[in-house]
Amino acid sequence: MKKVYIVLLNYKGIKDTLECLESLLKLDHPNFQIFVVDNTEAQHDQDLFADWAQGKPVQIDTAFENLVYPLAVKPVDHIITSQHEFLVGGFNQKIVFVKSDRNGGFSAGNNIALRHILKFGDQDSFIWLLNNDTVAEKDSLSELAAFAGMEENKNTGIIGCRLVYYYTPDKIQAVGGRFNETFFISEHEGEGQPVTTAKSNFRKIDYVIGASMFVPYTFLHEVGLLSEDYFLYYEELDWTYRARKKGWSIDWCPEAIVYHKEGASIGSSYREKKSLFSEEQLFKSRRIFIKKFYTLSGKFYLSGLLLVANRIRKGNFEAAAAVAKTMYK
C-alpha cells in the first residue's frame, strides 16, 4: 500500500487541530504519516501538542463523536522538532510536530513539509494537504488513494474531495472551484447542494479547494512547491495553472468526504461576516494571481468595482475600502 503524507498547518488552532488529528488516527488507510507544521509564534501550542500525544487528559469538543471518539490510545508515536531539524533529517514517527521559524502564510507553512517530503519521502507516495479545521470520514483517505490509483487518473495531479459544511453536514461546501476569466471572480461549485448529490450533477471544476488537496509525489516533483507569492488564498489556482502547463489535470473524488469549518483560524467562516484581514488577503492575492497569469486590464478594475459595490450593498464599508485599495497596489 502506497504511503501517504498528511500535512496539517496549525495557527493558534490547537482545539481544531487536535480534533482533526483524532479523526485522522481513525482512518482505515494502513500507511500514512502526519506532519503538523505550527505557524504559531509562541511555544504554547507545541507544549499542548506534546501533552496530548503523551496522554494528558484533553477534552475535545466535536460535532462528530463517531469520527473522533473514542480518543486514540496514548502515548502516540510522535516527535516535536524545529523547522531546521525537520529539513535536514528524516523522521519515522507517526506524527511529527514541526515548529516553523515564522508565520509566512499558507503556502510557506505547507512548503516546509513539502520540502521535507521531496528530500526524504517515498517517490511512490502521495501527499494530502488538509486544513486543520476539518474532520475526515474514516474511509476518506482510502477513497482518495484508490481514485488516484485508477488508470484513467494517472495524469490527475490535484484531487479534491466532497467538502461538507461542518456545522450543516447535510449540505456541501464545495466539490471544487470555478474561475470566471471574464470578471476574474472565483466561486465554489456545489455550494449549498445536498450532500448526497451525484457527481454527474456538478459542472466541471477549474481548481481544487485548498482545504483538501491530494497530490502524487511525481506531481510535486515536476510542478514544484506552492507559490509563496501569496500569504493566503489563490495558492490552489496558481498550482493548478502551473500544473496544466506541465500536462496535469485536476479532479475530485466524490466518495472522499471531509467536514470543514472553513477559515476557523483567520475569521473567514461562512457563518459570520468575514474578518477584515481575510478580505484584505483575498484581494491582495487576487491581484497577484491576475497580474501573474493575465494582465491588469480594464476587466480587472471593472470587476473590482463590482466587488466594492457588493460590499457596500451589504454594509461592509471597511471591506469595500480594503478591496478598493488592493486594485491599485
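A residue is called buried when its relative accessible area is under 20%. In the predicted model described here, this definition applies to every position of one strand: ten of the ten residues of strand 7, which spans residues 156-165, are buried, so strand 7 is largely enclosed by the rest of the structure. Strand 7 pairs with strand 12 (residues 249-260) in the parallel sense, and eight bridges are found between these two strands. Within this pairing, I158 stands opposite I250 of strand 12. Strand 7 is also joined to strand 8 (residues 172-174), here in the antiparallel sense and by two bridges, with L163 having A174 of strand 8 as its bridge partner. The connection from strand 7 to strand 8 is a hairpin that passes through six residues.

The cysteines were considered next. A disulfide is a covalent bond between the sulfur atoms of two cysteines, and the structure holds zero disulfides. For C20, which takes part in no disulfide, the nearest cysteine sulfur is that of C161, at 12 Å. C161 is likewise in no disulfide, and the nearest cysteine sulfur to it, that of C253, lies 8.2 Å away. Because a disulfide requires two cysteine sulfur atoms within 2.5 Å, neither the distance of 12 Å for C20 nor that of 8.2 Å for C161 meets the cut-off. Both cysteines are buried, C20 with a relative accessible area of 0% and C161 at 3% relative accessibility.

Several features of the backbone also deserve description. Most residues other than glycine have a negative phi, and most peptide bonds are trans. Against this background, the peptide bond from Y69 to P70 is cis, with omega near -5°, and a cis peptide bond also joins K74 and P75, with omega of about 0°. P70 is found in the loop between helix 3 (65-68) and strand 3 (78-82), and P75 is likewise found in the loop between helix 3 and strand 3. Positive phi values occur at Y233, which is not a glycine and has a phi of about 75°, and at Y234, where phi is near 70°. Y233 lies in the loop between helix 7 (217-223) and helix 8 (235-245), and Y234 is found in the loop between helix 7 and helix 8 as well. Y234 is buried, with a relative accessible area of 7%.

Y234 also belongs to an aromatic cluster, which is formed by F179, F184, Y234, Y241, F289, F293 and Y294. In total, the structure holds 23 aromatic pairs. In one of them, the ring centres of F219 and W239 are 5.2 Å apart and the ring planes stand at 75°, so the pair is edge-to-face. Since F219 lies in helix 7 and W239 in helix 8, the pair ties together parts that are 20 residues apart in sequence. F219 is buried at 0% relative accessibility, and W239 is buried as well, with a relative accessible area of 0%.

At the surface, F183, I185, L302 and L306 make a nonpolar patch of about 320 Å². L306, a member of this patch, lies in helix 10, which covers residues 298-313, and at 46% relative accessibility L306 counts as partly exposed.

Methods. Residues are numbered from 1 along each chain as its sequence is written. This is a predicted model: local features need pLDDT of at least 70, side-chain atom pairs count only at pLDDT 80 or more; totals for chains, interfaces and linings use all residues. Side-chain values use heavy atoms; hydrogens and water are left out. Buried means under 20% relative accessible area, exposed over 50%, partly exposed in between (1.4 Å probe, protein chains only). Helices (H or I, at least four residues) and strands (E, at least two) are DSSP runs, numbered from the N terminus. Patches are made of residues with over 30% relative accessible area and no salt bridge: like charges are joined within 9 Å, nonpolar side chains (Val, Leu, Ile, Met, Phe, Trp, Tyr) within 5 Å. Accessible areas come from the Shrake-Rupley method with a 1.4 Å probe; for residues, only the protein chains shown count as cover. A salt bridge is a side-chain nitrogen of Lys or Arg within 4 Å of a carboxyl oxygen of Asp or Glu. Two strands pair if DSSP finds at least two bridges between them. Rings of Phe, Tyr and Trp (its six-membered ring) pair if their centres lie within 6.5 Å; planes under 30 degrees apart count as stacked, over 60 as edge-to-face and the rest as tilted.
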